[in-house]
Amino acid sequence: MADLRELLGIEHPILLGPFGGLSSVALTAAVSEAGGLGGFGLYGYSADRIRSTVDDLRAATARPFALNIWLPTGDEVAPGPQHTVFAQALEPFYEAVGLDVPARPQAYLPALEEQLDAIWEAAPAVLSVVFGVPSDAVVAEAHRRGIRVVGAATTVAEAVALAGAGVDAVVATGLEAGGHRVSFLRRAEDSLVGVLALVPQVVDAVDVPVIAAGGISDRRGVAAAFALGASAVQVGTAFLATAESAVNDAHRQAIRSTSADETVLTRAMSGRLARGARNRVVRAIEASGTIAPFPMQNWLTGRFRTAAGEQGLGELQSLWMGQGAPLADYPTAAEAFAELLAGVPPRT
């Protein structure tokens with residue numbers, strides 16, 4: 001099996017989790033500059049925005065980085081008459097941030113083909129995908145351009161499917177991880193496997209390097225991941241709380257003050273299962289019983305969540321975080337990286 005560091009062109013086996021909607025150029029570049037692999041989530045990005053972002057990343061670092069996309073699962077809804085019904089159900093939250101109920105858009109998300117065209121032009125070191133298995137054509141085109149492909153799995157079966165499709169590495173994502181559960185073979189609620197059980201079983205099942213993710217926030221978690229057979233770790237929450245991330249102070253404070261048992265898996269904010277803090281907006285939407293399917297719910301709540309973030313209203317934001325949040329107390333990305341690096345075993 002190839003050494004993941006050589007495969008991805010990095011010095012240290014530490015990857016930044018790609019935050020869909022919360023990525024920042026500064027944080028991605030900081031992790032890459034430290035010798036890891038910075039990751040940038042392109043959820044909702046148009047081709048032009050991808051090109052502009054890549055220009056900014058290349059200006060900030062000459063080292064490898066990953067671009068992440070969400071693969072369509074086939075159950076995404078398009079804008080239709082039901083948009084107005086679900087939008088009006090969220091009217092109190094729009095009012096709270098001074099917005100009108102948003103009109104129906106032409107589309108909730110850009111086309112995958114549009115995003116891929118911009119990614120092929122950018123030729124990042126790594127293309128990472130979530131919510132599915134990349135097609136043979138996507139894997140072949142990536143490899144033709146010298147781009148490594150990394151897929152995310154929440155079960156052994158998903159990892160086997162990804163490896164069979166020719167990905168270069170698999171991220172084994174335990175239920176402890178923050179943000180969206182990226183399951184694709186079964187419902188996310190039926191795919192909740194902890195990282196301690198998941199990683200060694202995935203290592204035994206596939207012949208590509210395995211990257212452990214979920215609840216890893218310090219050197220102890222890193223050391224444990226390698227003891228389980230992982231070739232690298234992917235860390236999100238510990239970096240999300242640093243000064244270089246795109247979150248506001250309300251989100252940083254929530255990460256540092258939310259205990260592991262206070263995070264919740266919910267569909268309230270996006271229509272898909274995701275882990276974060278159970279704040280006022282999550283409780284209210286769950287209690288209402290009115291949650292639009294994905295990506296409608298994500299688009300609708302995104303209108304007031306963005307405004308709430310600008311206004312520092314944490315109770316109206318999606319406060320994504322994993323169960324390792326109480327350990328994520330690093331002021332800067334450099335300090336977080338140094339702590340994680342201390343858990344990486346020496347090369348043999």
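Me: A crossing of two helices is called right-handed if the near helix is turned clockwise from the far one by less than a right angle, and left-handed if the turn is anticlockwise. Which hand does the crossing of α4 and α14 have?

Reply: This is a predicted model. In this model the crossing of α4 and α14 is right-handed. By the definition, the near helix is therefore turned clockwise from the far one.

Me: What makes α4 oblique to α14?

Reply: Helix α4 (residues 82-89) and helix α14 (residues 296-311) pack with their axes 10 Å apart, at an angle of about 45 degrees. The roughly parallel class takes angles under 35 degrees and the roughly perpendicular class those from 65 to 115, so a value of about 45 belongs to neither. The pair α4 and α14 is therefore oblique.

Me: Which residues make the contact of α4 with α14, and how do they divide by class?

Reply: On the α4 side they are Gln82, His83, Phe86 and Ala87, and on the α14 side Met296, Trp299 and Leu300. Five of the residues in the contact of α4 with α14 are nonpolar, two are polar and none is charged.

Me: Why are α2 and α3 called oblique to each other?

Reply: Helix α2 (residues 25-33) and helix α3 (residues 47-60) have axes that cross at roughly 40 degrees and come within 9 Å. As the parallel class needs an angle under 35 degrees and the perpendicular class begins at 65, the value of roughly 40 leaves α2 and α3 oblique. The crossing of α2 and α3 is right-handed. In the contact, Val25, Thr28, Ala29 and Glu33 of α2 meet Thr53, Asp56, Leu57 and Ala60 of α3. The classes represented between α2 and α3 are four nonpolar, two polar and two charged residues.

Me: How do you know that Arg51 and Asp48 form a salt bridge?

Reply: The N to O value for the side chains of Arg51 and Asp48 is 3.1 Å. The cut-off is 4 Å between a side-chain nitrogen of Lys or Arg and a carboxyl oxygen of Asp or Glu, so the pair Arg51 and Asp48 qualifies. Being three residues apart in helix α3, Arg51 and Asp48 are separated by about one helical turn. The structure holds 19 salt bridges.

Me: What makes β1 and β2 edge strands?

Reply: Eight strands form an open sheet with parallel pairing, in the order β1-β9-β8-β6-β5-β4-β3-β2. Each of β1 (14-16) and β2 (38-41) has a single partner strand, so one side of each has no neighbour in the sheet. Neighbouring strands of this sheet are turned by 25 degrees against each other on average, direction ignored.

Me: How do you know that β4 and β5 pair?

Reply: Pairing requires at least two bridges, and strand β4 (residues 126-130) is joined to strand β5 (residues 148-153) by four, so the requirement is met. The two strands β4 and β5 run parallel. Val129 stands opposite Gly151 in β5.

Me: What makes β7 and β10 edge strands in the sheet of three strands?

Reply: The order of this open sheet is β7-β11-β10, with antiparallel pairing. Both β7 (179-180) and β10 (263-266) have a single partner strand, so each lacks a neighbour on one side. Strand β10 is joined to β11 (residues 274-277) by four bridges. Thr263 has Ala277 in β11 as its bridge partner.

Me: Why would α8 be classed as roughly antiparallel to β5?

Reply: Helix α8 (residues 156-164) lies across β5 and β6 (169-173), and runs at about 160 degrees to β5. An angle over 145 degrees counts as roughly antiparallel, so α8 falls in that class relative to β5. Helix α8 also packs with helix α9 (residues 195-205), at about 35 degrees and with the axes 9 Å apart. The crossing of α8 and α9 is right-handed.

Me: What makes the peptide bond from Phe294 to Pro295 cis, and what is notable about the phi of Ala123?

Reply: The bond from Phe294 to Pro295 has omega near 0 degrees. Pro295 is placed in the loop between α13 (280-288) and α14. Ala123 has a phi near 45 degrees, a positive value in a residue other than glycine. Ala123 is found in the loop between α6 (112-122) and β4. Most residues other than glycine have a negative phi, and most peptide bonds are trans.

Conventions. Residues are numbered from 1 along each chain as its sequence is written. This is a predicted model: local features need pLDDT of at least 70, side-chain atom pairs count only at pLDDT 80 or more; totals for chains, interfaces and linings use all residues. Side-chain values use heavy atoms; hydrogens and water are left out. Axes are lines fitted to C-alpha atoms, for helices over the stretch in contact, and angles run from 0 to 180 degrees between N-to-C directions. Contact means heavy atoms within 4.5 Å. Ala, Val, Leu, Ile, Met, Phe, Trp, Tyr, Cys and Pro count as nonpolar, Asp, Glu, Lys and Arg as charged, and the others, Gly among them, as polar.
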